[in-house]
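Reader: I am new to this structure. Could you walk me through it, a piece at a time?

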Amino acid sequence: MDFINQHIQEIYFVIFCVFIGIEVISNVPAILHTPLMSGANAISGVILVGAIIVMLKVPEDDYLNLTLGGIAVFLGTLNISGGFFVTGRMLKMFSPKKENSK
């Protein structure tokens, strides 16, 4: 309970950001989804590089932090690759249809 009392402003801020994020994302039109997804992938890439650099500075015998860092790098990579796959599928939806000539 002390943790909550000491960090109540940060908790309110996170809750506020969640509601603002939901409101902003729910009002994004479909035509803007692909460019925003590409931008988010670029930001995730920078964060992933930073996570790898931080992991390189963790002592070799600190297994807990190495494990948590490895999980974070894996999930970040999964997020980036998933974003690229979704972006590719969205772009295919907007490309003109090719007719088969027989």
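Author: Gladly, and a definition comes first: a patch is made of residues with over 30% relative accessible area and no salt bridge, where like charges are joined within 9 Å and nonpolar side chains (Val, Leu, Ile, Met, Phe, Trp, Tyr) within 5 Å. A salt bridge is a side-chain nitrogen of Lys or Arg within 4 Å of a carboxyl oxygen of Asp or Glu, and accessible areas come from the Shrake-Rupley method with a 1.4 Å probe, with only the protein chains shown counting as cover for residues. This is a predicted model, in which local features need pLDDT of at least 70 and side-chain atom pairs pLDDT 80 or more, while totals for chains, interfaces and linings use all residues. Residues are numbered from 1 along each chain as its sequence is written, and side-chain values use heavy atoms, leaving out hydrogens and water.

Reader: What accessible area does the nonpolar patch with Phe13 and Ile25 have together?

Author: Its other members are Val14, Phe16, Val18, Ile20, Ile22 and Val24. Ile22 is found in helix H2, residues 8-26 (helices are DSSP runs of H or I, at least four residues, numbered from the N terminus). Together the patch has about 820 Å².

Reader: Is Ile22 buried or exposed?

Author: Buried means under 20% relative accessible area, exposed over 50%, and partly exposed in between (1.4 Å probe, protein chains only). The relative accessible area of Ile22 is 53%, so Ile22 is exposed.

Reader: Which residues does Ser44 contact, leaving aside neighbours within four places in sequence?

Author: Ser44 is found in helix H3, and with 16% relative accessibility it counts as buried. The C-alpha atoms of Ser44 and Ile80 are 6.4 Å apart, although 36 residues separate them along the chain. Taking contact as heavy atoms within 4.5 Å, the partners of Ser44 are Asn79 and Ile80.

Reader: Which residues of H4 are buried?

Author: Helix H4 covers residues 63-94 and reaches 47 Å from its first C-alpha to its last, close to the expected 46 Å (1.5 Å times one less than its number of residues). Its buried residues are Gly69, Val73, Gly76, Ile80, Gly83, Thr87 and Met90.

Reader: How far apart are the C-alpha atoms of Val54 and Gly69?

Author: Val54 is found in helix H3, residues 30-56, and counts as exposed at 53% relative accessibility. Val54 and Gly69 are 15 residues apart along the chain, and their C-alpha atoms are separated by 8.4 Å.

Note on methods: Helices (H or I, at least four residues) and strands (E, at least two) are DSSP runs, numbered from the N terminus.
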